[in-house]
Amino acid sequence: MHLTVDAGNTNVKYAIFEGNTLRVSETLMNTEPANELRKILRQHGVEKSILSSVRASADELLEVLNEQTQTTLMDSALRFPFEIAYETPETLGHDRLANAAGAAKLFPGKNVLILDCGTCLTYTLLKEGKLIGGTIAPGINLRFEALHRFTGKLPYIKDAIMPVELPGKNTRDSLISGVLNAIIAETDSMIQNYCSISDDLNVILTGGNRPFFEKYLKSPIFAVPYLTHEGLHEILLLNQ
């Protein structure tokens with residue numbers, strides 16, 4: 001049994017693989033993720049694991065994994081199923097590397113744009129077997145939070161699940177209309193821009209806000225909910 005752990009900006013998510021099959025995928029409780037991880041390792045008899053973290057420190061999680069498993073820590077120096085052509089590979093987010101590995105597994109030899117809809121909205125381009133680069137933009141929640149924090153009176157919107165028709169008739173609806181309609185228009189436009197510079201581009205959508213984008217984007221996409229974990233597992237197998 002193998003374990004993949006993705007410590008993102010908001011949550012710590014894990015997946016259990018039996019052979020090449022993903023059996024379980026859940027989110028750890030933010031209050032005591034290390035203790036919960038210990039229970040999961042014992043419950044599933046995990047032998048090997050991989051940890052990816054975009055947080056400043058994931059030492060406690062790594063310590064738990066090292067106690068009970070043979071652990072691989074995500075790093076740009078590992079082996080990947082693609083060549084890294086990024087100018088500063090050491091600064092590449094581990095989640096972006098994992099997503100690219102998952103995309104290379106799903107679409108071997110194809111040109112792929114990975115759109116990860118989480119705290120940030122990241123675009124990562126795989127072209128001719130190389131990770132070329134991408135784009136990083138604020139995600140939905142960051143936009144609502146910025147409008148609240150850096151203004152005097154605008155409220156923080158945290159439960160908007162669908163765009164409001166133009167124009168918004170009150171402050172709350174105006175904020176929702178501005179953020180959600182704009183991010184969909186922006187994302188569709190960005191996808192089209194990438195399609196113009198890369199032939200036969202397959203667009204993959206993943207991340208916590210994937211259902212929203214999947215529903216409202218006009219661009220043709222492939223939704224892959226567990227792309228990061230699939231990619232982490234592929235990297236684990238390549239670096240055994």
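Select strands β2 and β3 (residues 21–27) in this predicted model. The two strands run antiparallel and are joined by 6 bridges. To see one pairing directly, display K13 together with T27, its bridge partner in β3. Next, select the turn that connects the two strands: β2 and β3 form a hairpin with 2 residues between them. G19 belongs to this turn and has a positive phi of about 65°.

Keep β2 selected and add strand β1 (residues 2–7). These two strands also run antiparallel, and 6 bridges join them. Here the pair to display is A7 and V12, which stand opposite each other, V12 being in β2. β1 and β2 form a hairpin as well, with 4 residues between the strands. As background, strands of a sheet pair through backbone hydrogen bonds, in either the parallel or the antiparallel sense.

Now colour β2 by accessibility. How many of the 7 residues of strand β2 are buried? The strand, which covers residues 12–18, is mostly covered, with 5 of the 7 residues buried.

From β3, follow the chain to E32, in the loop between β3 and α1 (33–44). Select E32, D59, E60 and E63 together: these residues gather in a patch of negative charge on the surface. Is E32 buried, partly exposed or exposed? E32 has a relative accessible area of 47%, so it counts as partly exposed, because that class lies between the limits of 20% and 50%.

The next stop is an open sheet of 6 strands. Select its strands in the order β6-β9-β8-β7-β10-β11; their pairing is mixed. The edge strands are β6 (83–84) and β11 (222–223), each of which pairs on one side only. Within this sheet, isolate strand β7 (residues 111–117) and β8, which pair in the antiparallel sense over 6 bridges. Display L113 and look across to L125 in β8, which stands opposite. While the side chains are shown, recall a general point: in a regular strand they alternate between the two faces of the sheet.

Move on from β8 to the loop between β8 (120–127) and β9 (130–138), where E128 lies. E128 is not a glycine, yet it has a positive phi of about 55°. Its relative accessible area is 67%, so E128 is exposed.

Then go to the loop between α4 (140–149) and α5 (171–197), which contains P167. Which kind of peptide bond joins L166 and P167? The bond is cis, with omega at about -10°.

Continue into helix α5 and select N181. With a relative accessible area of 27%, N181 is partly exposed. Add E165 to the selection and display the C-alpha atoms of both residues: they are separated by 8.4 Å, while the residues are 16 apart along the chain.

The tour ends at D200, in the loop between α5 and β10 (201–206). D200 is a residue other than glycine with a positive phi, near 50°. Is D200 buried or exposed? D200 is exposed, with a relative accessible area of 70%.

Notes
Residues are numbered from 1 along each chain as its sequence is written. This is a predicted model: local features need pLDDT of at least 70, side-chain atom pairs count only at pLDDT 80 or more; totals for chains, interfaces and linings use all residues. Side-chain values use heavy atoms; hydrogens and water are left out. Buried means under 20% relative accessible area, exposed over 50%, partly exposed in between (1.4 Å probe, protein chains only). Two strands pair if DSSP finds at least two bridges between them. Patches are made of residues with over 30% relative accessible area and no salt bridge: like charges are joined within 9 Å, nonpolar side chains (Val, Leu, Ile, Met, Phe, Trp, Tyr) within 5 Å. Accessible areas come from the Shrake-Rupley method with a 1.4 Å probe; for residues, only the protein chains shown count as cover. A salt bridge is a side-chain nitrogen of Lys or Arg within 4 Å of a carboxyl oxygen of Asp or Glu. Lys and Arg count as positive and Asp and Glu as negative; His and the chain ends are not counted. The place of a charge is taken as NZ of Lys, CZ of Arg, CG of Asp or CD of Glu.
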